[in-house]
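Here are a few short exercises to work through at your own pace. Have your viewer ready, and try each task before reading its solution.

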Amino acid sequence: MPLLIVTDLDGTLLDHHTYDVGPARDALVRTVQAGIPLVLCSSKTRAEIEALQQRLDIHHPFIAENGGAIVAPLGYFDRVPHHAMVDGGRFVLALGQPYPEVVRALRDVAAEERVRVVGFSDMTVGDVAEECGLPVLDAQLAKLREFDEPFRFLDSDPSARSRFLKALHRRGLRAMSGGRFDHVTGNTDKGRAVAELRTLFPDRLGLVVMAGLGDGLNDVSMLREVDLPVIVRSDHNGAAGRMLRKVPTAHVTDACGPAGWAEAVTSLLDGWREPQPSGWARYWPGRA
Ligand SMILES: [Mg+2]
């Protein structure tokens, strides 16, 4: 059964601070050369992920903005999904609500709950560059949002925060913690997008075994949808323990960030011989 790898970017394949693949490079090259579909699945925008795919020579479908959309090259699958929009040699299957609606709802709920928040829509390109440690050109791509709004609370009152998050949920929105910001999207998440993507792959590859790698709480829904979940240990958010409680079948890497990614993917590729999946032992000899 073919293997497919779904991966988060910041803090997982990319270093949280430098946004570089660094120690993951060799395992990444090996994955690409083996022809294993590598699906990037991030809170980043379509424009950011397209630029990164070009840089890394990856030509597979990807998931943008926390499950807001699935984007795939035209011709990759036999068919273009029914509701997808064709744009520049790719199709975009939107799963989330349009960005202006999400931002409006975020502002409405903040006003109703008397909570002060600041989102990317309130920030200039320069603000985003500074807050995220990005070059200005990359910050411009990060601002091209279509489905998901990164935001921060300006109040430190934890009860206001939980009241606010509940109010967002009542509006049919999903709020989650990302690496640097909280995020709000329409009624979707990375897990829903992965489940949707799984229905497309049989056209091309037959049934697939999905491995998934992530380092943060916004990756939990994705890790629950894959066959082989991997929690990449983080050197800054300490989320591994909380994530493991939510996805008890996950493997947790020893190393952090891209080094952890390399550790997991190398073990996975080394052990990828069995035709049928039945848990970690088959794929990760000695590490089940
Ligand atoms: Mg991350």
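## Exercise 1: Two backbone outliers

With 10 C-beta neighbours inside 10 Å, arginine 114 counts as exposed. Keep in mind that the model is predicted.

**Task.** Work out where arginine 114 is found and what its phi is.

**Solution.** Start with the burial class: a residue is exposed if 12 or fewer other C-beta atoms lie within 10 Å of its own, and arginine 114 has 10 such neighbours, so it counts as exposed. Next, find its place in the chain: arginine 114 is in the loop between helix H3 (99-112) and strand E7 (117-119). Finally, check the backbone: phi of arginine 114 is about 55 degrees, a positive value although the residue is not a glycine. Most residues other than glycine have a negative phi.

**Task.** Is asparagine 66 buried or exposed?

**Solution.** Begin with the loop between strand E3 (62-64) and strand E4 (69-73), where asparagine 66 has its place. Its phi is positive, near 55 degrees, and it is not a glycine. Now count neighbours: the cut-off for buried is 20 or more other C-beta atoms within 10 Å. Asparagine 66 has 31, so it is buried.

## Exercise 2: The whole chain

**Task.** Describe the overall build of the chain, from its helices and strands to its contacts.

**Solution.** First, the chain holds 12 helices and 13 strands. Its radius of gyration is 18 Å, close to the 19 Å from the globule rule for 288 residues, so the chain is as compact as a globular protein of that length. Then look at burial: 45% of the 288 residues are buried. Last, of the contacts between residues at least 6 apart in sequence, 61% join residues at least 24 apart.

How values were computed. Residues numbered from 1 in each chain as written. Predicted model: local features only at pLDDT ≥ 70, side-chain atom pairs only at ≥ 80, totals over all residues. Helix = DSSP H or I, 4+ residues; strand = E, 2+ residues; numbered from the N terminus. Rg over C-alpha atoms; globule rule 2.2 N^0.38 Å. Contact = placed C-beta atoms within 7 Å.
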